[in-house]
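Got the viewer open? Keep a hand on the selection tool and let's take a walk through this one together.

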There are 2 protein chains.
Amino acid sequence: MKKSKPTILIVNDDGVTAPGIKALMETMAEIGKVIVVAPDSPQSGMGHAITIGKPLRLDKIELYEGFETWSCSGTPVDCVKLAKYHVLKGIKPDLLVSGINHGLNNSINILYSGTMSAAVEGAIEDIPSIGFSLDDFTLQADFSHCLKYVKELALSVLEKGLPPATLLNVNFPNTQDIKGVKVCRQAIAKWAEEFDERMDPHRRPYYWMTGKFQMNDHGEDTDVWALEHHYVSVVPVQFDMTAHHAIPALTNWTF
Amino acid sequence: MKKSKPTILIVNDDGVTAPGIKALMETMAEIGKVIVVAPDSPQSGMGHAITIGKPLRLDKIELYEGFETWSCSGTPVDCVKLAKYHVLKGIKPDLLVSGINHGLNNSINILYSGTMSAAVEGAIEDIPSIGFSLDDFTLQADFSHCLKYVKELALSVLEKGLPPATLLNVNFPNTQDIKGVKVCRQAIAKWAEEFDERMDPHRRPYYWMTGKFQMNDHGEDTDVWALEHHYVSVVPVQFDMTAHHAIPALTNWTF
């Protein structure tokens with residue numbers, strides 16, 4: 001007996017009108033029943049933010065023919081929560097996919113990324129979850145070379161599942177010449193910020209955040225290495241923040 | 001020769017006027033030179049959000065006599081970045097403390113918490129960092145019973161340092177009768193959301209997020225257990241999201 005089509009929840013952080021989510025929707029429609037719940041405006045860099053001090057709007061919209069699409073005033077994580085508890089009435093989808101993000105979410109960027117935080121929230125809800133991102137932050141980004149990998153990874157996760165409390169962070173290099181897929185760890189890196197100070201017309205200063213990606217991690221098992229060498233990077237992600245290895249040393253402190 | 005006073009950077013997510021940050025400032029002033037860079041409005045639940053689509057405001061304000069205090073329009077993580085790269089001109093403080101948060105940040109709450117994300121950002125910048133939170137979310141919260149532990153922990157971290165890429169998440173029970181300090185792991189738990197649907201005067205629905213804390217983790221080594229038993233919980237925190245244990249299994253997948 002053939003199992004019915006899997007239900008696939010799609011979210012992102014670039015907003016419901018972003019080309020990246022449209023590419024993801026079309027690819028997922030080939031393998032399942034798609035429901036989209038995405039922010040009504042760009043939410044890049046929102047990390048794991050949720051909206052608690054004000055109410056949320058959630059509207060079913062007619063944007064993409066043949067797709068059930070909801071637009072939400074909140075963050076990517078809000079979208080996942082509203083999708084699960086309101087749109088899906090508590091019934092778990094078979095898969096959550098987030099993206100495809102316009103811009104990389106490798107290495108430390110996972111902490112700042114709304115796309116990845118939405119996938120983390122999916123995993124917290126025990127939904128098999130994958131975040132996808134492409135190394136091109138422009139609205140004109142071409143996702144076509146990513147789609148066969150997106151489909152293959154989604155099918156693999158649907159078939160095999162994922163280890164408990166684990167999700168996938170998948171990043172694509174911006175090249176048609178992809179060498180393959182590498183399972184890796186996130187590279188250890190950080191952003192060194194600079195602030196571009198400007199003066200407004202009322203002579204009050206304001207600051208634009210800019211930054212340089214700083215990495216001294218020369219391992220060949222990292223996502224940064226994989227992407228630089230034209231591989232798709234797949235990092236299994238967990239969300240237990242406990243530094244278990246540090247517990248014994250701290251326990252010896254006297255308080 | 002006596003070492004000069006340590007520089008202590010203070011941030012929070014409840015905003016620069018919150019009683020919790022004032023309590024923390026007064027306690028830290030007993031052991032170091034304090035600089036405060038905090039949001040100009042409440043930023044609870046902002047997680048690791050940063051502001052990238054719009055500029056930031058940062059103003060030196062005369063709010064607390066004797067304290068260098070900066071008010072920032074951004075998120076808690078923005079505050080840390082602006083503090084390090086603009087206020088402190090790239091010079092690392094000896095310690096970063098975040099809080100004292102009005103409300104617990106134990107267990108899974110660390111992911112949603114602006115207070116804790118500010119401390120995580122400090123650790124990313126290689127600054128010894130501690131987040132403090134009290135089990136009372138009201139503006140009338142009484143922090144007095146926390147302060148001797150805040151001071152002792154800050155002094156311990158200044159003296160002994162912390163393991164690399166590790167920070168501390170410290171939560172206080174809301175009782176004068178504290179039994180002691182427990183080093184623990186974060187309890188495995190999640191929030192089950194409900195959305196309170198209401199109708200606005202224009203007959204459009206809006207949704208308030210509410211939630212119930214759901215925990216089936218019965219370990220006696222968790223922060224939830226410690227707090228329920230009137231201990232101060234101290235969880236060492238790391239920020240590598242890689243699920244290292246899952247890499248071998250995934251590597252066997254064929255792509």
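Here is a short tour, stop by stop, of a predicted model.

**Stop 1: a helix under cover**

Start by selecting residues 114-124 of chain A, which make up helix 4. How many of its residues are buried? The count is 11 of 11, so helix 4 of chain A is mostly covered, with buried meaning under 20% relative accessible area. Click along the helix and you'll pass G114(A), M116(A), V120(A) and I124(A), among other buried residues.

Now go to the N-terminal end of helix 4 of chain A and pick S113(A), which caps it. Show the side chain of S113(A): one of its oxygens lies 3.2 Å from the backbone nitrogen of T115(A). Then jump to the other side of the helix. Just after helix 4 of chain A sits D126(A), with a positive phi of about 65°.

**Stop 2: a closed space**

Next, look for empty space inside. Rolling a probe the size of a water molecule over the atoms shows where such space is left. The structure holds one cavity of 30 Å³ or more, and the largest cavity has about 160 Å³ of space in it.

To find that cavity, select H48(A), L111(A), M241(A), H48(B) and L111(B). Out of the 13 residues that line the largest cavity, these five lie nearest its centre. Which elements give two or more residues to this lining? They are helix 3 (109-112) and helix 4 of chain A, plus helix 3 (109-112) and helix 4 (114-124) of chain B. Helix 4 of chain B gives the most, with three residues. Try colouring the lining by class: you'll get nine nonpolar residues, four polar ones and no charged ones.

**Stop 3: an open pocket**

Move on to the second largest pocket, which has a volume of about 860 Å³. Its lining has 29 residues, and the ones nearest the centre are I52(A), S44(B), H102(B), L104(B) and F137(B). Select those five to get your bearings.

In chain B, highlight strand 5 (95-102), helix 3, strand 9 (189-199) and strand 10 (205-215), since each supplies at least two lining residues. Strand 10 of chain B has the largest share, with four residues. Colour this lining by class too: the second largest pocket shows 11 nonpolar, 12 polar and six charged residues.

**Stop 4: a histidine in a loop**

Back to chain A. Select H145(A), in the loop between strand 6 (129-134) and helix 5 (147-160). Is H145(A) buried or exposed? H145(A) counts as buried because its relative accessible area is 10%, under the 20% cut-off.

Show the side chain and look at what it meets. The side chain of H145(A) reaches the backbone oxygen of P173(A) at 3.0 Å. One of its polar atoms also lies 3.4 Å from the backbone oxygen of T175(A). Setting aside neighbours within four places in sequence, the contacts of H145(A) include L134(A), N174(A), Q176(A) and I178(A).

**Stop 5: a glutamate on a strand**

For the last stop, select E197(B), in strand 9 of chain B. E197(B) is partly exposed, with a relative accessible area of 43%. Add W208(B) and draw a C-alpha to C-alpha line: the two are 11 residues apart in sequence and 6.7 Å apart in space.

What is E197(B) in contact with, leaving aside neighbours within four places in sequence? Select H86(A), P205(B), Y206(B) and Y207(B) to see.

Key
Residues numbered from 1 in each chain as written. Chains lettered and ligands numbered in written order. Predicted model: local features only at pLDDT ≥ 70, side-chain atom pairs only at ≥ 80, totals over all residues. Heavy atoms only, no water. Buried < 20%, exposed > 50% of the residue type's maximum accessible area, 1.4 Å probe, protein only. Polar contact = N/O pair within 3.5 Å; in protein donor to acceptor, adjacent residues only side chain to side chain. 1 Å grid on protein atoms, 1.4 Å probe; cavity = no way out; pocket = protein on both sides within 12 Å on 5 of 7 lines; lining within 4 Å. Points joined across faces, edges and corners; volume = space filled by probe spheres on them. Nonpolar A, V, L, I, M, F, W, Y, C, P; charged D, E, K, R; others polar. Contact = heavy atoms within 4.5 Å.
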